[in-house]
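Biologist: Please pick one part of this chain and go over it closely. Then set it against other parts of the chain, in plain terms for someone new to structures.

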Amino acid sequence: MRLATIFGRTLRQAPTEADNPATQLLWRAGMLRSLDTGEPALLPLGNAVLQHLITHLTNTLRRNGSQEIYLPTMASWLDVITTLARREIDSYRQLPLSVWSLRRRRRATVRQRSGLLDLPIVTSLSWAGLALDVAQVQTNLAAIIEQLRTTLHECGLTVVADALKTERGATIIVDTKAGPLTTLDCPVCGGRAPIDLAPLAPLPPYSGLAPAMSLVETPNANTIAALAAFLGITTSATAKALFFSARCAGEQRLIFAVVRGDREASLSKLAAVVGADELLPADEAQIRACGAVPGYASPVGLHNVFVVADQTVTNGAPLVAGANRPGYHLRDVVYGRDWQATLVADIAQAMVGDPCPFCGTARVQGNGAAVGVVTPLQATTILVQDADGHNRPLVIAGIELDLEPLLHIAVERNHDERGIVWPVAIAPVAVHLVTIGRSDALITAAQTLATELQTAGWRVLIDDRDERAGVKFNDADLIGAPWRVVISEKLLATNQVEVRYRTAGQPTIVNRSELKDVLAGAVANGS
């Protein structure tokens with residue numbers, strides 16, 4: 001590549017829309033731009049970094065024996081693999097196996113700007129392991145996590161590698177100064193989750209006596225706060241009713257969500273469990289059509305509605321719920337006795353101070369960026385014949401690693417006051433070859449040297465622009481290739497070149513014939 005003709009020029013200053021140091025450096029280095037829609041575009045140098053990262057990660061999966069598939073869909077990764085496995089696997093002789101794909105993945109986002117951390121749709125490296133033996137799937141998952149962690153370390157992404165070490169199933173969250181994600185973190189066991197998806201531990205079964213359900217008049221108590229004040233009870237002793245119009249697989253469905261009165265529903269959790277692309281508040285006509293009354297709605301006696309109950313209202317404790325009658329509520333409503341849900345799930349919004357579901361420690365608020373998901377092993381409904389002729393459920397586990405955010409994190413963790421300092425493994429080019437002078441002999445010598453380096457396996461960017469040496473040196477530091485090699489009229493006369501590692505204080509003069517050995521030796525020594 002030639003800097004004079006490359007698609008993406010360097011900038012002295014980043015635009016105001018680049019609102020953090022890493023994004024500013026990517027803009028200034030000619031690697032990132034923003035479209036009119038606010039979506040980011042990676043220009044050739046930025047895309048080269050992404051492609052090198054992909055190469056290292058996919059080579060790791062290939063060495064592991066995982067098989068690549070192509071998927072033109074953004075549907076749930078494990079759902080897609082399960083669908084394919086149902087058609088392709090019928091015997092234990094085909095197992096264990098693992099598959100992977102590079103695909104586009106839709107994820108939750110808090111904004112859409114020119115940055116790479118918070119894209120709504122990302123390139124995801126997705127892996128799935130399948131077997132009949134639970135221990136085998138767990139072993140395979142642990143092995144691939146460790147192999148990916150090693151590769152990420154080699155790519156200068158230690159912080160991402162450390163975040164990937166969880167195996168119990170979680171969003172992979174990385175600390176970053178520009179992190180758009182509010183998280184709920186356990187300071188003891190290290191569990192982290194986006195606050196809108198943070199899991200809550202189920203309540204223990206209720207052991208007290210529950211009187212029979214009874215009707216009570218509650219005039220003007222059409223909110224949880226008013227109801228609790230009128231009856232002299234805590235809000236946690238009530239059931240909150242929430243109605244949504246959900247678009248699921250292209251069809252509209254009325255969803256009735258029930259959470260405890262002291263909690264809000266997490267729309268992210270609810271959308272995930274019902275498979276909704278969109279959740280909107282239901283209108284009054286929709287609510288009344290299923291037999292409910294706004295302000296006094298109850299899960300008791302409804303029809304033609306999909307009821308999702310949070311796990312905090314299904315432990316058998318008596319609660320106060322609406323009576324589907326204006327001005328009235330029902331006391332001592334007990335799940336399982338007085339009403340049933342279509343689905344029971346963790347749909348309540350977690351809060352700071354809630355106990356960690358893994359160790360019980362009070363959780364604190366944090367922030368970071370989501371870079372993927374580890375899905376722990378789970379049994380499918382697919383039955384496969386084992387060696388003894390018995391049908392056993394196929395077990396599956398998965399990993400999804402989002403790639404574009406890793407470029408931002410790599411820059412945030414690897415830069416100095418002059419520009420980006422790319423790790424060698426993912427640098428857009430290994431050698432930034434700078435020409436000082438404009439003679440035909442010099443340009444020819446530079447092109448010949450670039451060809452020799454490329455033939456030897458080194459990626460080269462030639463800066464043959466008609467610019468001052470200071471401008472070229474500044475841009476070389478800004479772009480951040482591991483080595484800067486300078487060839488000038490004076491050096492050409494002695495068949496020498498000047499070499500400087502990106503973070504070195506002073507350059508070194510070497511014979512041109514020794515350059516490849518010098519570069520190779522620097523790699524061997526970890527420079």
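Modeller: I start with Asn495, which is partly exposed because its relative accessible area is 42%, between the limits for buried (under 20%) and exposed (over 50%), with a 1.4 Å probe and protein chains only. The model is predicted, so local features need pLDDT of at least 70 and side-chain atom pairs count only at pLDDT 80 or more, while totals for chains, interfaces and linings use all residues. Residues are numbered from 1 along each chain as its sequence is written, and side-chain values use heavy atoms, with hydrogens and water left out.

Asn495 sits in the loop that joins α12 (489–493) to β24 (496–501). Helices (H or I, at least four residues) and strands (E, at least two) are DSSP runs, numbered from the N terminus. The phi of Asn495 is positive, near 60 degrees, although the residue is not glycine. Most residues other than glycine have a negative phi, and most peptide bonds are trans.

Asn324 can be set beside it. Its phi is near 55 degrees, again a positive value in a residue other than glycine. Asn324 belongs to the loop between β14 (319–322) and β15 (328–333). Is Asn324 buried or exposed? Asn324 counts as buried because its relative accessible area is 15%. A positive phi also appears at Gly480, near 85 degrees, and this glycine follows helix α11. Helix α11 covers residues 469–479, and its buried residues are Val471, Lys472, Asp475, Ala476, Asp477, Leu478 and Ile479. Another backbone feature is the peptide bond from Leu95 to Pro96, which is cis, with omega near -5 degrees. Pro96 lies in the loop between α3 (77–88) and β4 (97–106).

Two residues touch members of helix α11. The first to consider is Ile436, placed in strand β21 (residues 431–436). With a relative accessible area of 26%, Ile436 is partly exposed. Contact here means heavy atoms within 4.5 Å. Not counting residues up to four places away in sequence, Ile436 touches Leu442, Ala469, Phe473, Val486, Ile487, Ser488 and Glu489. Ala469 and Phe473 fall within the range of α11, and Glu489 falls within the range of α12. Ile436 and Arg325 are 111 residues apart in sequence, and their C-alpha atoms are 85 Å apart in space.

The other residue is Arg28, in helix α1 (residues 21–28). Arg28 is partly exposed, at a relative accessible area of 23%. Apart from neighbours within four places in sequence, Arg28 is in contact with Arg9, Thr10, Leu11, Arg12, Gln13, Ala14 and Leu478. Leu478 is one of the buried residues of α11. From Arg28 to Leu254 there are 226 residues along the chain, and their C-alpha atoms are separated by 49 Å.

Leu254 is also among the contacts of Phe244. Phe244 is part of strand β10 (residues 239–248), and it counts as buried because its relative accessibility is 9%. Besides Leu254, Phe244 meets Arg253, Ile255, Ala257, Leu267, Leu270, Leu279, Leu280, Pro281 and Ala282, with neighbours within four places in sequence left aside. Phe244 and Ile347 are 103 residues apart along the chain, with 13 Å between their C-alpha atoms.

Helix packing is the next topic. Two packed helices are described by the angle between their axes and the distance between the axes. The axes of α2 (residues 44–64) and α4 (residues 134–154) come within 10 Å and cross at roughly 145 degrees; an axis is a line fitted to C-alpha atoms over the stretch in contact, with angles from 0 to 180 degrees between N-to-C directions. On the α2 side the residues involved are His56, Leu57, Thr60, Leu61, Arg63 and Asn64, and they meet Ile144, Gln147, Leu148, Thr151 and Leu152 of α4.

Last come the totals. The protein chain has 13 helices and 25 strands. Its C-alpha atoms fill a box of roughly 100 × 60 × 40 Å along the principal axes. Of the 527 residues, 51% are buried. Among contacts between residues at least 6 apart in sequence, 68% join residues at least 24 apart. The accessible surface comes to about 23700 Å², and carbon and sulfur atoms account for 51% of this surface; the areas come from the Shrake-Rupley method with a 1.4 Å probe, and for residues only the protein chains shown count as cover.
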